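Work through the exercises below with the model open. Each task is followed by a solution in steps.

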Amino acid sequence: MRTIYLILTVVFATLMLHSCDIIEGNPYELGDIGDPNDTASVDATKRVLLIEFTGFKCTNCPEAHYQINLLKVTYGNRLLPVAIHAGTFARPTQSLPYDYRTPFGTALHNHILPNSYPIGLVSSLSSSNQSSATDWAGQVEESLKVSTSLTVEIENSVVNSDIKTNIKIKNIKPEIAYNDLKLFTLLLEDSVVGAQLFPGGTTVNDYVHNHMLRHGFTTSHLGDNFVFNNQNEFDTVYSVSIDEKWRVNKLSVVVFVTNSDDDVLQTNYKNIEQ
Amino acid sequence: MRRKLPTIAIAILLSYSGFSQEEGETRGQFSGNFQLDGQTYVKDSLSGAEEAPEDVLINAYGNLRYNYGKLTAGIRFEAYLNTLQGISKNYDGTGIPYKFFNYKNNELEFTVGNFYEQFGSGMALRSYEDKTLGIDNAFEGVLVKHNPYNGLYFKGLVGKQRLFFSQGPGIVRGVDGEFQLNEAFKLDSMETQITLGGSFVSKYQPDNNPLLKLPENVALFASRLNIQNGGFTLTSEYAYKVNDPSADNQNNYQPGQAIMTDMSYTVGSFGLVVGGKWLNNMSFRSDRNARQNDLLINYLPAISRNHTYSMAAMYPYATTLNGEAGVKGEIFYRFKRNTLLGGKYGTLVTLSYSRVNSIDTTNLPMFDSLRPHWNRYETKFLSVGKERYYEDLCLEVQKRLTSKLSSIFTAQYTAYNKQVLEGKDGMIEAFIFVGDLSYRIRPKHTLRAEIQFLETKQENGSWLAGTLEYTISPNWFIALIDQYNYGNPEGDKQLHYYMVRTGYTRGSNRIQIGYGRQSMGVICVGGVCRVVPASTGVNFSISSTF
């Protein structure tokens, strides 16, 4: 009997020894998902929102920025990242007086309560869906497979020193009913040059921050409720005075729509200057 | 489904117990325990404590175990309504996350359901729970233990790990063998005892990353040795892990390695412990995207000394899973009674030292403008880097001064690289002094006074702390505690963190209640840590065993 047990143990151990995959050489694979530069704003092409909570003192955040750059190479404008600088790692210090925080970003940060930094939310505004940078690629891929019947059109204009943004949300399949829809409208700035800490505490003073949240047009960090009219459309307008720190040619508006489960159903963007 | 199976298990247990009573004979035994921890939270803008919308938060659990001959079964109910601050809110809710059935005869033992297990020192595999840290990585699956010959022990398991009230996505498979030479060759009378062991653990998780080719099966091998001879003990374990890109190592594909060796020697009043540890890229989780303390398969203990006094433990060290090199040493000597240094009652002197550095690495060039090299850096086995992560030198003297008065005095130096370990605030150097006096007023009545001083110029500055505790054994105690952060560079944060606490113990039941303000900090158990947020309010706990 003992011998049988021993043989079974050896057989099991041998099978286990095969449970090992070794990847040789370059592991990078760039996927093919069609035209990544499709920016048409009137069809229901699904786009994915990736909110990243970050901070210039967060030494692990540059790694997350790498991940976002990689994802942008593959998914182009079907992926819309938003970098929210908030929390401990975004607080300025005497030696590093950079402050990229916004009232909207801080309110959303305090609502989500990130478990760690960097942390992200892919197509979601639910705190329980927080995920690490290495998980984003898989989540973006899955999220792109979820179809939507919502379209988001954005028209921006600059009048005097104000940015005005006209937004139209449309449900192109009226047979699909939506309840408790909320609208979020954000102003982002790319290529903001400033400090960023790296592992070991090294400070890079000319780091390029992208997709940085500059302003939340929406009244609340929990979004503005809306309902469709008889034509299954909803129109609204937001505006904001241009802050002297912002560079208009680097600004864009990102709009997204959530449901009662805090799922992001659709998102789109448009640069302020075309 | 989460609730259905445990309900059936309870019904079976209770019906079996009922049957036993009808038969009028004892056919099994129930045992278990209960623990409840609660706290109220009020906003304290000075300390940064946040209020809880629920006003009161409670963590509670109860274990019930039934043993009948070779059969054991048990369940644990847990309630987090809602979870105490500092523990992950993902626990919010109730459930029965732990239920098992175990059968054991002379040769074979098997467990189905949930179980905890450890291979060797844990470097290959360790599942355990620690409510203080909010850790529970129990397996749900099957565990088999087999003892085919004297001195030869095998274990095999397959399962998924607990993640709050569900399981992680990865499947873990493991086998472990241990060979006790003295038992196998009937050399029990020999003074030298030798044990050899080896482990193999593999995890499976699908590759759902469209940008990277990820290994779906990741294996870890480990071997170990234990030699004991009288007061001498040598323990050593080496582990090797194949490519395991993960959130912890930022998708680093290079293999991981670790070695840990401890040697201790005690003779008479003298004791010596020395040890060393070197590891590179040894985070091993059943979800490559998990962070913090979630879904850890292996366990890498800290090499630094565990301090019990609050100021001495202000800057505790947590193992750096991505790489560290450390050494430790501890020497103690008990001066005998009626000697110059021993005095009338003897004196115990302990000197300990530990230091942890980075490993020596050379960064590899970027693969292209967007992608880093998949191996990130190169390193040599046992290489030591220049960056200091942690250092700790501690001298402790324990001495009974009179028949009623005993004392402990501690002097300590700690260097804590907060920049590397927590990502902010640079290097912290602190000097800590502790005096602890216990006076037995009369039988069963003891008064303990403790004074602690922490001096540092970094972070929150210096602290002065005092404790006065009165104990009436074995039932009552009351304690007054104040920690004063008088050196905080921000004047309005030079606060008193006061606490009053009392407890009553009777038999196997204990109740404790306290009120006060707690500063933000980090608590660690065995090199695994969690952040404790600042809080103000009433805290209470009830525990019982049966």
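**Exercise 1. A salt bridge within chain A**

Task: Find which parts of the chain are linked by the pair A:Glu155 and A:Lys270, and classify both residues by accessibility.

Solution. The model is a predicted one.
Step 1: A:Glu155 and A:Lys270 form a salt bridge through their side chains, with an N to O distance of 3.6 Å.
Step 2: A:Glu155 lies in strand E4 (residues 150-159) of chain A and A:Lys270 in strand E13 (residues 264-271) of chain A, so the bridge links distant parts of the chain, 115 residues apart.
Step 3: Partly exposed covers the range between the 20% and 50% limits. A:Glu155, at 49% relative accessibility, is therefore partly exposed, and A:Lys270, at 22%, is also partly exposed.

**Exercise 2. Two further pairs**

Task: Decide whether A:Arg214 and A:Glu189 are buried or exposed, and do the same for B:Arg448 and B:Asp436.

Solution.
Step 1: The salt bridge between the side chains of A:Arg214 and A:Glu189 has an N to O distance of 2.8 Å.
Step 2: This pair joins strand E9 (residues 212-216) to strand E6 (residues 181-189) of chain A, with A:Arg214 and A:Glu189 25 residues apart.
Step 3: A:Arg214 and A:Glu189 are both buried.
Step 4: In chain B, the closest N and O atoms of the salt bridge between B:Arg448 and B:Asp436 are 2.8 Å apart. B:Arg448 belongs to strand E26 (residues 445-455) of chain B and B:Asp436 to strand E25 of chain B, 12 residues apart.
Step 5: B:Arg448 counts as buried because its relative accessibility is 18%, and B:Asp436 is buried at 6%.

**Exercise 3. The surroundings of B:Arg162**

Task: Identify the side chains with which B:Arg162 makes polar contacts, and the salt-bridge network that includes B:Arg162.

Solution.
Step 1: B:Arg162 sits in strand E11 (residues 152-163) of chain B. With a relative accessible area of 3%, B:Arg162 is buried.
Step 2: Its side chain makes a polar contact of 2.8 Å with that of B:Glu78 and one of 2.7 Å with that of B:Asp136.
Step 3: Beyond four places in sequence, the contacts of B:Arg162 include B:Tyr91, B:Pro97 and B:Leu295.
Step 4: A network of salt bridges links B:Arg162 with B:Arg76, B:Glu78, B:Glu129, B:Lys131 and B:Asp136.

**Exercise 4. The interface of the two chains**

Task: Describe the contact between chain A and chain B by area, residues and salt bridges.

Solution.
Step 1: The size of an interface is often expressed as the accessible area lost when the parts come together. Here about 4,500 Å² is buried between chain A and chain B, 60% of which comes from carbon and sulfur atoms.
Step 2: Chain A contributes 48 residues and chain B 50 residues.
Step 3: There is 1 salt bridge between the chains. It joins B:Arg376 to A:Glu63, with the closest N and O atoms 2.7 Å apart.
Step 4: On the side of chain A that touches chain B, helix H1 (2-17), helix H2 (61-75) and helix H4 (133-145) each give two or more residues.

**Exercise 5. A nonpolar patch**

Task: State which strands of chain B each supply at least two residues of the nonpolar patch.

Solution.
Step 1: The patch covers about 740 Å² of surface, and its residues include B:Tyr439, B:Ile441, B:Ile478 and B:Val500.
Step 2: The strands are E25 (427-442), E28 (476-484) and E29 (496-506) of chain B.
Step 3: B:Tyr439 is in strand E25 of chain B and is partly exposed, at 37% relative accessible area.

How values were computed. Residues are numbered from 1 along each chain as its sequence is written. Chains are lettered from A and ligands numbered from 1 in the order in which they are written. This is a predicted model: local features need pLDDT of at least 70, side-chain atom pairs count only at pLDDT 80 or more; totals for chains, interfaces and linings use all residues. Side-chain values use heavy atoms; hydrogens and water are left out. Patches are made of residues with over 30% relative accessible area and no salt bridge: like charges are joined within 9 Å, nonpolar side chains (Val, Leu, Ile, Met, Phe, Trp, Tyr) within 5 Å. Accessible areas come from the Shrake-Rupley method with a 1.4 Å probe; for residues, only the protein chains shown count as cover. A salt bridge is a side-chain nitrogen of Lys or Arg within 4 Å of a carboxyl oxygen of Asp or Glu. Helices (H or I, at least four residues) and strands (E, at least two) are DSSP runs, numbered from the N terminus. Buried means under 20% relative accessible area, exposed over 50%, partly exposed in between (1.4 Å probe, protein chains only). Contact means heavy atoms within 4.5 Å. Buried area is the accessible area (1.4 Å probe) that two parts lose on being put together, summed over both. A polar contact is a pair of N or O atoms within 3.5 Å; within protein, one must be able to donate a hydrogen and the other to accept it, and residues adjacent in sequence count only if both atoms are side-chain atoms.
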